[in-house]
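Biologist: I should like to learn how to read several features of a protein model. May we begin once the structure is before us?

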Amino acid sequence: MKNNILTMAFILLATNLVNSQKAELPDALQKKWWKEAVVYQIYPRSFKDSNGDGVGDLKGIISKLDYVKSLGVDAVWLNPIYASPNDDNGYDISNYREIMKDFGTMEDFDVMLKEMHKRGIKLIMDLVVNHSSDENKWFQESRKSRDNKYRDYYHWWPAEKGKPPYRWSFFDVNSNAWKFDAQTNSYYLHYFSEKQPDLNWENPKLRQEVYAIMKFWLDKGIDGFRMDAFQFISKDNTFPDLPKEIVNTPAAIIKYYLNGPHLHDYIQEMNKEVLSKYPNAMTVAEGAGDSPEAAMKFVDPDRKELNIAYHFESVDVGKHLKDFGLVKYKSIFSKYDDKFEDKGWLSIFLANHDQPRMVSKFGNDTPQFRELSSKMLSTFVLTMRGTPFYYNGDELGMDNIRFDSIEDYQDVDTRNKYIGIKNKGGDLNAFLAIQKQSSRENSRTPFQWNTEKNAGFTTAKPWLKVNPNYKTINAEAQEKDPNSVLNYFRKLVKLRKQEPALVYGKYTLLDKENPNVFAYTRELNGKKILVLLNFSEKNAPYNIKIPIAKSKIILGNYKIKKINILQPYEAQIIELK
Ligand code: BGC
């Protein structure tokens with residue numbers, strides 16, 4: 001009896017101790033799989049074609065899962081694979097519970113998910129519910145009559161009220177988000193292309209539809225969602241006139257779109273109705289406002305919304321590092337890290353399907369420096385605080401294709417802007433010159449597997465031209481070379497997995513004003529790691545006060561090191577003693 005009481009008392013004491021330790025741990029240090037994961041983004045249209053139609057597909061992805069596994073990554077984020085007429089490459093969904101014909105069938109999906117899980121790879125799907133396709137059944141019904149039961153699934157403005165107050169559209173030829181629909185003498189709203197009508201989140205029925213779709217996929221076993229264009233979902237349905245000073249300046253108008261009146265109410269409702277029932281699901285808020293404070297609102301654990309904020313400030317900063325400079329660039333990451341030091345969680349990324357290639361924007365894709373700077377940038381992504389989202393092909397150092405002609409572009413964004421400029425008699429050459437650097441198509445060219453026809457991506461004519469440099473830049477060649485960009489990336493992933501300081505460790509920026517070197521430490525439980533990155537093509541000195549003589553370089557992209565100086569695009573990861 002006495003013994004039992006003693007044992008009970010001991011258990012109680014021990015549990016209290018563990019709980020109090022847990023309670024003391026700040027949110028940022030609490031372990032979660034999605035904080036420790038390295039996410040690999042696959043653009044399905046361009047990854048691997050299995051059936052010879054020139055378009056990547058699910059069976060193609062399945063055939064390459066061993067490659068994905070070999071990278072060491074933990075999760076795959078797949079761009080939309082739902083039924084779609086492809087006005088915006090799958091970001092216009094006509095049926096949320098079907099697979100796009102180009103990509104395969106639901107059976108293929110089930111096999112793909114099973115094969116991923118078998119390899120310990122989790123699957124994150126895109127959730128595109130700010131808008132649907134105009135070919136979605138909901139919209140087809142909605143546009144039929146003003147009293148159709150789906151009418152309020154979208155935003156309509158009756159023409160008898162006059163023209164609706166101006167709203168800017170990302171992809172519309174005339175940058176006008178209202179499109180007149182004669183059938184009901186009304187305008188509908190589309191922040192993106194006219195084939196992407198915005199869904200009306202103010203309608204509770206629509207929200208319930210979205211929650212049901214989420215459950216459908218989560219019950220199939222997927223591991224989370226990347227929430228597309230989420231910051232735009234809530235609108236003031238009275239559509240007031242915009243303040244005069246912001247009309248016609250797209251950046252300001254976008255700012256006005258963000259954080260609609262009930263945005264966070266809806267995300268909290270979604271959390272209560274869906275996400276709280278799937279506590280392990282990863283949820284990533286694309287965009288996440290325009291400041292660290294706004295981003296935090298999406299992922300502050302006390303607010304019970306989402307997990308990871310994927311902010312745009314570090315990619316929207318400009319077209320090329322040369323234009324905005326490293327000091328500014330560093331300050332953006334530091335500003336966000338500062339806000340997220342104790343709670344909430346960020347993603348770290350340099351590229352995705354909406355951006356040009358990482359090496360062409362932040363590095364140097366000339367033959368002399370392409371490999372070195374790709375490795376340096378990968379070092380950055382894999383050693384920062386935040387979940388790395390790494391875009392397929394960057395592990396090979398794939399770079400911008402820089403199309404010469406508008407005919408080569410398939411992207412609704414580039415094509416519609418081109419038409420808009422043409423209609424206004426604008427400078428098309430200047431526009432095309434900018435697209436060479438910044439177009440989304442640069443990152444969407446087919447994955448370069450080998451030296452076979454079309455880089456081994458397809459046996460047919462590919463939907464988008466393959467970068468002709470595939471003869472030298474391809475996965476097969478890099479497999480064989482222990483010093484390739486690919487094998488360096490694998491080492492980085494492995495290191496991050498082995499070293500909790502690289503995941504949870506405190507980030508401290510050093511040598512803040514250095515225009516060429518990004519230097520920082522990551523520190524956890526007495527372990528301190530220094531990361532030195534030269535973002536320039538010159539030798540770059542740095543000025544840090546930490547003695548590093550006895551320290552050990554764990555990984556770097558140069559064999560021979562110089563004292564107190566970093567060579568062009570050099571990266572060093574140093575364990576401080
Ligand atoms: C996606 C884009 C897409 C847009 C409209 C984005 O933020 O990433 O690729 O064009 O949403 O859905």
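Modeller: We begin with a term: a residue is called buried when its relative accessible area is under 20%. Please keep in mind that this is a predicted model.

Biologist: Which residues point one way from β20, and which the other way?

Modeller: The general idea is that side chains in a regular strand alternate between the two faces of the sheet. In this structure, Ala571, Ile573 and Glu575 point one way from β20, while Gln572, Ile574 and Leu576 point the other way. Residues on either side are buried, and the strand, residues 571–576, is mostly covered, with six of its six residues buried.

Biologist: Which strands pair with β20 in the antiparallel sense?

Modeller: One is β16, residues 527–534, which is antiparallel to β20 and shares six bridges with it. Within that pairing, Leu530 has Ile574 of β20 as its bridge partner. Another is β18, residues 552–556, joined to β20 by four bridges and also antiparallel; here Gly556 has Gln572 as its bridge partner.

Biologist: Let us turn to a single side chain. Why does Tyr336 count as buried?

Modeller: The cut-off is under 20% relative accessible area. Tyr336 counts as buried because its relative accessibility is 1%. Tyr336 belongs to helix α14, residues 326–339. Beyond its neighbours within four places in sequence, Tyr336 is in contact with Asp290, Ser291, Pro292, Ala295, His311, Glu313 and Leu346. Of these, Ala295 is 41 residues away along the chain, with a C-alpha separation of 8.8 Å from Tyr336. The side chains of Tyr336 and Glu313 make a polar contact at 2.8 Å.

Biologist: How should a charged residue be read? Is Arg151 buried or exposed, and which side chain of opposite charge is nearest?

Modeller: A salt bridge requires a side-chain nitrogen of Lys or Arg within 4 Å of a carboxyl oxygen of Asp or Glu. Arg151 is buried but has no salt bridge, the nearest side chain of opposite charge being Asp152 at 5.9 Å. Arg151 sits in the loop between α7 (137–142) and β6 (156–158). Outside its neighbours within four places in sequence, its contacts include Trp156, Thr184 and Ser186.

Biologist: Finally, which residues lie around the ligand?

Modeller: Among them are Asp88, Tyr91, His131, Phe171, Phe192, Asp228, Glu286, His353 and Arg440. For polar approaches, one reads distances between N or O atoms. A polar side-chain atom of Asp228 is 2.9 Å from a ligand oxygen atom. For His353, a side-chain N or O atom lies 2.8 Å from an oxygen atom of the ligand, and for Arg440 the distance from a polar side-chain atom to a ligand oxygen atom is 3.0 Å.

Terms used:
Residues numbered from 1 in each chain as written. Predicted model: local features only at pLDDT ≥ 70, side-chain atom pairs only at ≥ 80, totals over all residues. Heavy atoms only, no water. Buried < 20%, exposed > 50% of the residue type's maximum accessible area, 1.4 Å probe, protein only. Helix = DSSP H or I, 4+ residues; strand = E, 2+ residues; numbered from the N terminus. Pairing = 2+ DSSP bridges. Lys, Arg positive; Asp, Glu negative; His and termini not counted. Contact = heavy atoms within 4.5 Å. Near = heavy atom within 4 Å. Polar contact = N/O pair within 3.5 Å; in protein donor to acceptor, adjacent residues only side chain to side chain.
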